[in-house]
Amino acid sequence: MVVWLIAACEIGFWVLLALGLAVRYLLGWRRTGVVLLLCEPVLELVLFAVTAIDLRDGAEPGWEHGLAALYIGYTVAFGHYTIRWLDGHAAHRLAGGPPPPRPPRHGRARARHEAKLWLRTVFGGAVALALLECAVRYVGDSGDVGSLRAFQWTTVRAVGIHGLIALSYTVWPRRAPAGGHAEAQGRGAAKDRPARTSAGDRR
């Protein structure tokens, strides 16, 4: 049951997101679109409540309960970030807004960007660890909590691996290609030069 609910929450997340953006930018109903987007956290609350009820009713703690905790932690940490990113693209493509800024690709700016993403992962991992620990204490000695402990270690490993990846951008920063830099300088110089006029323009 919990597995199907996780799948339903994931599908519901994208359905609500698509409906919210479509109503907001295609129909111009901005308030209705905001209401639909604000319904996203309700899905996580429903999943959390059903998982707790399932454990309370005597269900044996399993991998599906650990997966539910990881899913909630991920959506809490990255849900708003994903909505904001897609909202910028929808505003650009559907409402004629400015193109959303692209994340930096090179140098220290890229390292800072990756560090911020890792902090989101830390936050999401902390939420998942807290939920898993609550589940362990809730079950107590009446059931096998080995799967929940295993998911706690999985969470710690995922945060650590992402941290190493983010650190690599600081230790070995990605350098901008020399050709791209020269091309940018060339475009800047071309803008500074006065435009040539033809013989017909001078007449």
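This text walks through two helix contacts and two pockets of a predicted model.

Two packed helices are described by the angle between their axes and the distance between the axes. The pair H3 and H5 can be taken to begin with. Helix H3 covers residues 40-56, and helix H5 covers 107-139. The axes of H3 and H5 come within 10 Å, with a crossing angle of roughly 20°. Angles under 35 degrees count as roughly parallel, and H3 and H5 are therefore roughly parallel to each other. The crossing in which H3 passes H5 is right-handed. On the H3 side, the residues in contact are Phe48, Ala52, Leu55 and Arg56; on the H5 side they are Leu131, Ala135, Tyr138 and Val139. Sorted by class, this contact of H3 with H5 holds 7 nonpolar residues, 1 charged residue and no polar ones.

H5 also packs against helix H4, which covers residues 63-95. Here the axes come within 8 Å and cross at roughly 145°. The crossing of H4 and H5 is right-handed. From H4, the contact includes Gly66, Ala69, Leu70, Gly73, Tyr81 and Arg84, and these residues belong to a set that meets residues of H5 including His113, Leu117, Arg120, Phe123, Gly124 and Leu131. By class, the contact of H4 with H5 divides into 13 nonpolar, 5 polar and 2 charged residues. Leu131 of H5 is named in the contact with H3 and also in the contact with H4.

The next topic is the space left between the atoms. Rolling a probe the size of a water molecule over the atoms shows where empty space is left. The largest pocket has a volume of about 430 Å³. It is lined by 17 residues, and those closest to its centre are Tyr81, Arg84, Trp85, Pro101 and His113. Two elements, H4 and H5, give two or more residues to this lining. The largest share, 7 residues, comes from H4. The lining of the largest pocket has 10 nonpolar, 3 polar and 4 charged residues. Tyr81, Arg84 and His113, listed among the residues closest to the pocket centre, also appear in the contact of H4 with H5.

The second largest pocket holds about 330 Å³ of space. Of its 16 lining residues, Leu37, Glu40, Pro41, His80 and Ile83 are the closest to its centre. At least two lining residues come from each of H1 (2-25), H2 (30-38), H3 and H4. H4 supplies the largest share of this lining, with 6 residues. By class, the lining of the second largest pocket has 9 nonpolar, 3 polar and 4 charged residues. H4 thus gives the largest share of the lining in the largest pocket and in the second largest pocket.

Key: Residues are numbered from 1 along each chain as its sequence is written. This is a predicted model: local features need pLDDT of at least 70, side-chain atom pairs count only at pLDDT 80 or more; totals for chains, interfaces and linings use all residues. Side-chain values use heavy atoms; hydrogens and water are left out. On a 1 Å grid over the protein atoms alone, a cavity is a set of points where a 1.4 Å probe fits but cannot get out, and a pocket is an open set with protein on both sides within 12 Å along at least five of seven lines; lining residues have an atom within 4 Å of a point. Grid points are joined across faces, edges and corners, and a volume is the space filled by probe spheres set on the points. Helices (H or I, at least four residues) and strands (E, at least two) are DSSP runs, numbered from the N terminus. Ala, Val, Leu, Ile, Met, Phe, Trp, Tyr, Cys and Pro count as nonpolar, Asp, Glu, Lys and Arg as charged, and the others, Gly among them, as polar. Axes are lines fitted to C-alpha atoms, for helices over the stretch in contact, and angles run from 0 to 180 degrees between N-to-C directions. Angles under 35 degrees count as roughly parallel, over 145 as roughly antiparallel, 65 to 115 as roughly perpendicular and the rest as oblique. A crossing is left-handed if the near helix is turned anticlockwise from the far one by less than a right angle, and right-handed if clockwise. Contact means heavy atoms within 4.5 Å.
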